[in-house]
Amino acid sequence: MAIISIKGLTKTYKTKNKTGLKSDSQYITAVDDVTLDVEQGEIFGLVGSNGAGKTTLIKLMLGLTKADSGSVTICGYDSDKDSEKVLSCVGAIVEEPTLFKDMTGMQNLTMLARLGGGLPQSRIDQVVEIVGLKERINTKFSTYSLGMRQRLGIAQAIMHSPQVLLLDEPINGFDPQGIIEMRGLLRTLAKEYGTTILVSSHILSELEELCDRVGIMKRGKLIAVDTIANLQKDNNEIILRMTCSDVIKAAQIIAELEDIQVKVVDQYLYVKCTSEQQISDVTAALVGAGVAITSINTKKKTLEQIYMETVK
Amino acid sequence: MKGFSNAFAGECYKIFRKGKIFILLGVLVALALLLTFGFQILQDFGGAFDISVDMDTIDEEIAALEETIANYTPAIKNGLIDTELYQLQSTLAYLKYLKAGNLRSSDFVLAGQEAFDSAGYIDAVLGSSFGIIALFSVIMICRSWGGEKSDGTLKMQLLRPIGRKKMYGAKVLSVWCIGALVFIALILFAQIVAMIKFGVATKKVIYVVGATKVGVMPYMGYLALQIVFKLFALFAYIQFGAFMCNLTWKKGNGMALAILACIFASNLERLLGYLYVGYVGMFINLDFMSALSLTGPVLKGMNLVSMIIISTVYQVVFAIFNLYHAEHCDIA
C-alpha cells in the first residue's frame, strides 16, 4: 500500500488584477487534478518550473492549504480530517525555513520539539550533528546564511524520526559539499530507516542522482511520473559519440542509413539512434565499409533534457 | 491537551523572552507611583470631591429631587445619550437608601465616584493601567497571530502535530494570561502603595443598579468585581485584535485597525447611540462598572445584564469566527 496517496487533488486561487475589483478577479489553478502514489522507502522527485504547483502540492499534503477537491492520505490518515496524525508521521520543509530570528537555532529546535510533544535533548543534539550545525547552533537564527537555515530546517524536519519527509527545495543555498552530505543523508534515511521522501528541486541533476522516480509538473498538472530510466526509455533516443579512422567517409555511410541522423563535430561523429538495432546497423555498416571504429560511447538523455522536452 | 499546554508554554516563553513585558510592567509601576504624587497634591490642596450628604436636610433633598424628576423634560428630544434622568433617579434611590438605614454617607464609598483616598487611588491605577495593558495585549496578539502568519513562522509551527485551533487558542490564552498577570501584579502593588500613603481602604461600597436598586458590598468584593470585569474586557480586546488580523490578514493593517478601534470605537458607538446602533456596540457594552454607578451606562436603557449578554455574544461570535478562520485559512 502506498504511504502517500493523492487522489484528484485540485486547488484554485482567486487573484485580483491591478484594478482590485471583484469583477476583475481571475482564477488560477495551482494544482489540477493530481493523482499520485508514493511507496514506503521511495525517494520521489517533483520537477517543475516556478509556478508549476510543486510548493502548493506540498502545502496541500501538509494541510497548510485547503484543497478544493480531492484527497491526500499519508501513513493511512486523511490529511484534512486527521491532520494531527498526519503531521506526527511527517517531517517537512516548505519554501525557505523561517524560524524565530531572535532565538538561537537550539532554542528554535527545542520550541518546535515541545510543540510536537517533546524530544530528549540527546536526540536534538544528534540531529544538529547530522546536519552539520553543531558549531553555530547556539547563535541567533538571524545570523544564519541560507544554507544554514536550510540545515536547521532539515534538522527540525527529521528530529522526530518521521516516516515521511516532504522537502520543498531542500538544498537551496547549499555549497557543493553540503549537497553531497545532504544527498547521503537522504539516501541513508530512505534505505536504512525506510523513510519515504518526496523532494522538489530546481537542481535537476541532483534529483536525477537521488530519486527512484520523478514526477514532472506543468501548470498544476502532473504530466509525467516514472523512473528516470523509464523516462529515458520513453524518449528512446540514444546518442553515439564515435571516433574512427575516416570520419568523413563514416558520416557518408551512416547518412545513407534509414532514420539515422549524423553530425561531425571536432573529429567526433555524433549519431542519433532510436533503438539498439540501429546501433548494430551503424557499426555493421562501418565495419563492412572498412572503417575502423576506434572509440564509441552511448549517451542517454539527462533529466534536464527529458524535462525540457516533456514540458515543451 | 498536552499539545495545547506545550503550545501555551511556548507562547508564554516567546512573550517573556522578548522582555517587552517587563518594560510594560516598569512603565505601569512608574505610572502608579506618579499617581501617588498627584493624589498627594490634590489631598494637600483639599481637592477631594465633597460627596457627603447632610442627614439633617436629606428629606428636603429627596423632595427636591422627586419634584425635579416629576417635571423632567429631556434637554435633547429622544436623546439616547441623555442620561440625566437616570442620574437623578439613581441619586434619589441612593438618598432614600441612606435615609432608610440611617446611614452616614461618609462611612461609604460610592461606586464610580472619584475620591482622593486609598480606594480612589486604586481605582485610578486600575483605570489608567487597564487601557495600556489592553493596547499592549492587542499589539501582542496581532504580532503573535497575524505577524507570525505573514512572516512564515506560524507555518513552521503548524508543521508540528498540533491542531490549528489549539495553536490559535494557545496564542490568545497566553496573551490574556500574561496581560492578566501584569494587571493583577499592578493592583497588588497599588494596594501596598495605597496602604502606605493613604491607609487601608476599609469603607464599604454603595452601588446603584438600574437607577433604583441600591446595595452595599465590602471594598475588596467591589475591587474583585472590577478586576473580573476588566479581565473579561481584556479577553474581548484580545479576541477583537485577532479578529481584525483575520479580517485583513496583514499584521500591520489588522493591528492599526484594532488599536484605532480600541481607542475611538467607544466614542463612535456613543455617537451612534442616536441611531440605536450604539446599543449593539462592543466597546460601549464592556464598561460594566458604569452600570453600578450613579451616572449609569452611557446610553439610556442599558443595564448590567444587557451589557453582559451583548458583550458575551460578541465573544462567542469572535471565537467562532476566529477558530473557523484558524482551521480553514490557507497558510502562505
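Q: Buried means under 20% relative accessible area, exposed over 50%, partly exposed in between (1.4 Å probe, protein chains only). Which is Glu42(A), buried or exposed?
A: This is a predicted model: local features need pLDDT (the predictor's confidence in each residue, from 0 to 100) of at least 70, side-chain atom pairs need 80 or more, and totals for chains, interfaces and linings use all residues. Residues are numbered from 1 along each chain as its sequence is written, chains are lettered from A and ligands numbered from 1 in the order written, and side-chain values use heavy atoms, without hydrogens or water. The relative accessibility of Glu42(A) is 9%, so this residue counts as buried.

Q: How many residues apart in sequence are Arg213(A) and Glu42(A), a salt-bridge pair?
A: A salt bridge is a side-chain nitrogen of Lys or Arg within 4 Å of a carboxyl oxygen of Asp or Glu. In the bridge between Arg213(A) and Glu42(A), the closest N and O atoms are 2.3 Å apart. Arg213(A) sits in strand 9 (residues 213-218) of chain A and Glu42(A) in the loop between strand 2 and strand 3 (43-48) of chain A, so the bridge ties together parts whose separation in residues is 171.

Q: Where in chain A does Arg149(A), the partner of Glu96(A), lie?
A: The side chains of Glu96(A) and Arg149(A) form a salt bridge at 3.5 Å, N to O. These are distant parts of the chain, 53 residues apart: Glu96(A) is in the loop between strand 6 (90-93) and helix 3, and Arg149(A) is in helix 5 (residues 146-158). Helices (H or I, at least four residues) and strands (E, at least two) are DSSP runs, numbered from the N terminus. So Arg149(A) belongs to helix 5 of chain A.

Q: Which of Glu96(A) and Arg149(A) is buried?
A: Glu96(A) has a relative accessible area of 37%, so it is partly exposed. At 16%, the buried residue is Arg149(A).

Q: Which residues join Glu11(B) and Lys14(B) in a network of salt bridges?
A: Lys14(B) bridges to Glu11(B), with the closest N and O atoms 2.9 Å apart. Both residues are buried. They are three residues apart in helix 1 (residues 2-18) of chain B, so about one helical turn separates them. The network also takes in Glu148(B) and Lys171(B).

Q: Which residues of chain A does Thr153(B) touch?
A: Thr153(B) lies in helix 6 (residues 153-158) of chain B. At 3% relative accessibility, it counts as buried. Contact means heavy atoms within 4.5 Å. Leaving out residues up to four places away in sequence, Thr153(B) touches Glu148(B), and in chain A Thr98(A), Leu99(A) and Phe100(A).

Q: Which residues does Gly117(A) contact, neighbours within four places in sequence aside?
A: Gly117(A) is in the loop between helix 3 (105-115) and helix 4 (121-130) of chain A. Its relative accessibility is 31%, so it counts as partly exposed. With those sequence neighbours aside, the contacts of Gly117(A) are Lys2(B) and Asn6(B).

Q: What is the phi of Gln267(A), roughly?
A: Most residues other than glycine have a negative phi. Gln267(A) lies in the loop between strand 12 (261-265) and strand 13 (268-273) of chain A. At 59% relative accessible area, Gln267(A) is exposed. It is not a glycine, yet its phi is positive, at about 70°.

Q: Which element of chain B has the lowest mean pLDDT?
A: Chain B has a mean pLDDT of 84, and 91% of its residues reach 70 or more. Among its elements, helix 10 (residues 304-328) has the highest mean, 92, and the lowest, 77, belongs to helix 9 (residues 251-271).
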